[in-house]
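Work through the exercises below with the structure open beside the text. Try each task before reading its solution.

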Amino acid sequence: MIPNPYAPPKAEVADITGERTAPPLWNPNAAANWSLLFSPAFGAFLHMKNWQALGQPNKATSSKVWFVLSLVVIGGLSCASLMEQYSKQPAGSVRIVGFLLLIVWYFGSARGQAAYVKTHFGDTYPRRGWSLPLAVAVLAIIALIVILTVLAVVLKNSA
């Protein structure tokens with residue numbers, strides 16, 4: 001076969017291995033958006049699972065740290081809101097801390113995964129379903145409300 005003399009030149013590049021098949025992923029932007037409702041812990045967990053699927057263990061560990069940190073902050077804020085009735089702390093400060101955590105997580109971690117997926121796969125990667133993560137998130141919120149309600153009753157009765 002005679003090569004086409006009018007074809008554009010082709011260069012062999014050592015660091016590009018050709019088309020890479022994307023694993024099924026949760027949309028990182030959607031995970032960040034759902035975190036507005038369910039907390040950064042939700043998005044950090046899904047991003048951790050995405051990094052694992054992408055074969056990026058260091059980035060998965062970073063997302064795991066964000067997940068655990070978010071759970072600790074949520075627990076601390078929940079305790080602070082329970083104790084709020086006994087202190088002079090304004091109610092808005094608890095919400096501000098939660099919102100700041102969301103902003104720091106988004107700019108510190110979430111945007112990086114969205115950029116990585118867009119750069120490597122564009123919009124042509126297989127999507128994972130949202131029904132299971134959203135159902136677990138709703139159940140976790142209900143469980144947190146039940147636990148906080150029980151604690152509030154116990155604290156009220158012991159005071």
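The exercises go from the whole chain to single residues.

The model is predicted, so local features need pLDDT of at least 70 and side-chain atom pairs count only at pLDDT 80 or more, while totals for chains, interfaces and linings use all residues. Residues are numbered from 1 along each chain as its sequence is written, and side-chain values use heavy atoms, with hydrogens and water left out.

**Exercise 1. The whole chain**

Task: State how many helices and strands the chain has, and what percentage of its residues count as buried.

Solution.
- Step 1. Helices (H or I, at least four residues) and strands (E, at least two) are DSSP runs, numbered from the N terminus.
- Step 2. The chain has five helices and zero strands; from the N terminus on, the order is α-α-α-α-α.
- Step 3. Buried means under 20% relative accessible area, exposed over 50%, and partly exposed in between (1.4 Å probe, protein chains only).
- Step 4. Of the 159 residues in the chain, 28% count as buried.

**Exercise 2. Helix lengths**

Task: Check whether the spans of helices α3 and α5 agree with the expected values.

Solution.
- Step 1. The expected span of a helix is 1.5 Å times one less than its number of residues.
- Step 2. Helix α3 (residues 57-83) has 27 residues, and 39 Å is expected; from its first C-alpha to its last it reaches 39 Å.
- Step 3. Helix α5 (residues 131-158) has 28 residues and should span 40 Å; its end C-alpha atoms are 40 Å apart, which agrees.
- Step 4. Now look at burial in these helices. In α3 the buried residues are A60, S63, W66, S70, L77, S78 and L82.
- Step 5. In α5, P133, L134 and A137 are buried. The buried residues of α5 pack against α1 and α2, where contact means heavy atoms within 4.5 Å.

**Exercise 3. Aromatic pairs**

Task: Classify the ring pair F38 and F42 and the ring pair W51 and Y116.

Solution.
- Step 1. A pair of aromatic rings is described by the distance of the centres and the angle of the planes.
- Step 2. Rings of Phe, Tyr and Trp (its six-membered ring) pair if their centres lie within 6.5 Å; planes under 30 degrees apart count as stacked, over 60 as edge-to-face and the rest as tilted.
- Step 3. The structure holds six aromatic pairs. One of them is F38 with F42, at 5.3 Å centre to centre and 45° between the planes, and this pair is tilted. Both F38 and F42 are buried.
- Step 4. The ring centres of W51 and Y116 are 5.2 Å apart and the planes are at 65°, so this pair is edge-to-face.
- Step 5. The W51 and Y116 pair links distant parts of the chain: W51 is in helix α2 (residues 40-53) and Y116 in helix α4 (residues 91-121), 65 residues apart. Both W51 and Y116 are buried.
- Step 6. One aromatic cluster is formed by W34, F38, F42 and W130.

**Exercise 4. The nonpolar core**

Task: List the residues of the largest nonpolar core and say which helix supplies the largest share.

Solution.
- Step 1. A nonpolar core is a set of buried Ala, Val, Leu, Ile, Met, Phe, Trp, Tyr and Cys residues joined through side-chain atoms within 4.5 Å.
- Step 2. The largest one has 10 residues: A22, L25, M48, W51, L54, A60, Y116, V117, F121 and Y125.
- Step 3. Helices α2 and α4 each supply at least two residues of this core, and the largest share, three residues, comes from α4.

**Exercise 5. Single residues**

Task: Decide whether S35, S39 and I141 are buried, partly exposed or exposed.

Solution.
- Step 1. S35 is in helix α1 (residues 28-38). Its relative accessible area is 1%, so S35 is buried.
- Step 2. Not counting residues up to four places away in sequence, S35 touches P40, F42, G43, L102 and W105.
- Step 3. S39 lies in the loop between α1 and α2. Its relative accessibility is 16%, so S39 counts as buried. S39 is not a glycine, yet it has a positive phi of about 95°.
- Step 4. I141 is in helix α5. Its relative accessibility is 34%, so I141 counts as partly exposed.
- Step 5. I141 and F38 are 103 residues apart in sequence, and their C-alpha atoms are 7.8 Å apart in space.
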